[in-house]
Amino acid sequence: MTKKEGLTFILILCLTCLILMAAYFWLILPQQTFLHDESFHVLRSAGFRDALQEGDFYKFWQLTNQQYPREESYYPFFFYWVLGILMLFGQSIAWIKASGLIFLFWIVIILYFLGRELNQERGRAISLLTISFLLTSPMVYALHSLAMLETLGLLLLLVLIFCYFRGRREKKLFFYFMS
């Protein structure tokens, strides 16, 4: 990474932090209740948080493999792990809803490196354009101000795509196995 690319990356991170702080104060703090789906996810994650606080990894493993009838069978467990770990640091409604903004911050970082991975010459321009489209979309903030599965799903999808293209370029098995 050259000095110019490093400065661009730091500028992107600073602007992203400012935008996400504004979204936190204007979107998340006024919301003082959970939606139906959010409350289900938070209650499920609270079980993981309790298991981690107690140090009961058998209970943690049971919750990971527990499948409810009907709708629960297709929910990925990884979201509940991450939200349970985040709930160890705070349990307010605003903090739990801010998990979506934390995932959005990492999405911006992955998009920056993904743009550079796709095109070595114009990667910085591709990254800037993609991130600017993402951060100027009102729907992105509406989705990421909720504690929902989609935010982490998007992050994991972008990590998978990045690992695939990095593996193709470097021809290393590690990145193929990651994807």
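Is Glu117 buried or exposed? Keep that in mind; the tour gets there at the third stop.

**Start: the whole chain**

Show the protein chain as a cartoon. You are looking at a predicted model. Colour by secondary structure. The protein chain has ten helices and zero strands. Follow the chain along the sequence, and the pattern reads α-α-α-α-α-α-α-α-α-α.

Now show the C-alpha trace. Along its principal axes, the trace spans about 50 × 40 × 30 Å. The chain holds 179 residues, and 40% of them are buried.

**Stop 1: two packed helices**

Select residues 99-118, which form helix α6. Then add residues 149-170, which form helix α9. Give each helix its own colour.

Two packed helices are described by the angle between their axes and the distance between the axes. Here the angle is about 20°, and the axes of α6 and α9 lie 9 Å apart. An angle under 35 degrees counts as roughly parallel. So α6 and α9 are roughly parallel to each other. Turn the view until one helix lies in front of the other. The crossing of α6 and α9 is left-handed.

**Stop 2: a contact between these regions**

Stay with helix α9 and select Leu152, which lies in this helix. Is Leu152 buried or exposed? Leu152 is buried, because its relative accessibility is 5% and the limit for buried is under 20%.

Next, select Phe103. Along the chain, Leu152 and Phe103 are 49 residues apart. In space, their C-alpha atoms are separated by 6.2 Å. Draw a distance line between those two atoms to see it.

**Stop 3: the salt bridges**

Side chains of opposite charge can pair when their charged atoms come close. This model has eight salt bridges. We will visit some of them.

Select Glu117 and Arg169 and show their side chains. They meet in a salt bridge, with 2.5 Å from N to O. Glu117 belongs to helix α6 and Arg169 to helix α9, so this pair ties together parts that are 52 residues apart in sequence.

Now for the opening question. Glu117 is buried, with a relative accessible area of 8%. Its partner Arg169 is partly exposed, at 42% relative accessibility.

Add Glu170 to the selection. The side chains of Glu170 and Arg169 also meet in a salt bridge, at 3.6 Å from N to O. Salt bridges that share partners join Glu117, Arg166, Arg169 and Glu170 into one network.

Which residue is still missing from your selection? Add Arg166, a member of this network. Arg166 forms a salt bridge with Glu170, and the closest N and O atoms are 3.6 Å apart. Arg166 and Glu170 sit four residues apart in helix α9, so about one helical turn separates them. Glu170 counts as partly exposed, at 28% relative accessibility.

**Stop 4: a buried threonine**

Clear the selection. Pick Thr64, which is in helix α3 (residues 57-65). Thr64 is buried, with a relative accessible area of 7%.

Then pick Phe48. Thr64 and Phe48 are 16 residues apart along the chain. Their C-alpha atoms are separated by 8.4 Å.

**Stop 5: a nonpolar patch**

Switch to a surface view. Which residues make the nonpolar surface patch? Select Leu11, Leu15, Leu18, Ile19, Met21, Phe25, Trp26, Leu27 and Leu29. Together they make a patch of about 910 Å².

Look at two members of the patch in turn. Begin with Met21, which is found in helix α1 (residues 3-28). Met21 is partly exposed, with a relative accessible area of 45%. Now add Leu101. Met21 and Leu101 are 80 residues apart along the chain, and their C-alpha atoms are separated by 8.9 Å.

Move on to Leu29. This residue counts as partly exposed, at 32% relative accessibility. Add Ser145 to the view. Leu29 and Ser145 are 116 residues apart along the chain. The distance between their C-alpha atoms is 9.7 Å.

**Last look**

Return to the cartoon and show Glu117 and Arg169 once more. This salt bridge links helix α6 to helix α9, the two helices that are roughly parallel to each other.

Key:
Residues are numbered from 1 along each chain as its sequence is written. This is a predicted model: local features need pLDDT of at least 70, side-chain atom pairs count only at pLDDT 80 or more; totals for chains, interfaces and linings use all residues. Side-chain values use heavy atoms; hydrogens and water are left out. Patches are made of residues with over 30% relative accessible area and no salt bridge: like charges are joined within 9 Å, nonpolar side chains (Val, Leu, Ile, Met, Phe, Trp, Tyr) within 5 Å. Accessible areas come from the Shrake-Rupley method with a 1.4 Å probe; for residues, only the protein chains shown count as cover. A salt bridge is a side-chain nitrogen of Lys or Arg within 4 Å of a carboxyl oxygen of Asp or Glu. Buried means under 20% relative accessible area, exposed over 50%, partly exposed in between (1.4 Å probe, protein chains only). Axes are lines fitted to C-alpha atoms, for helices over the stretch in contact, and angles run from 0 to 180 degrees between N-to-C directions. Angles under 35 degrees count as roughly parallel, over 145 as roughly antiparallel, 65 to 115 as roughly perpendicular and the rest as oblique. A crossing is left-handed if the near helix is turned anticlockwise from the far one by less than a right angle, and right-handed if clockwise.
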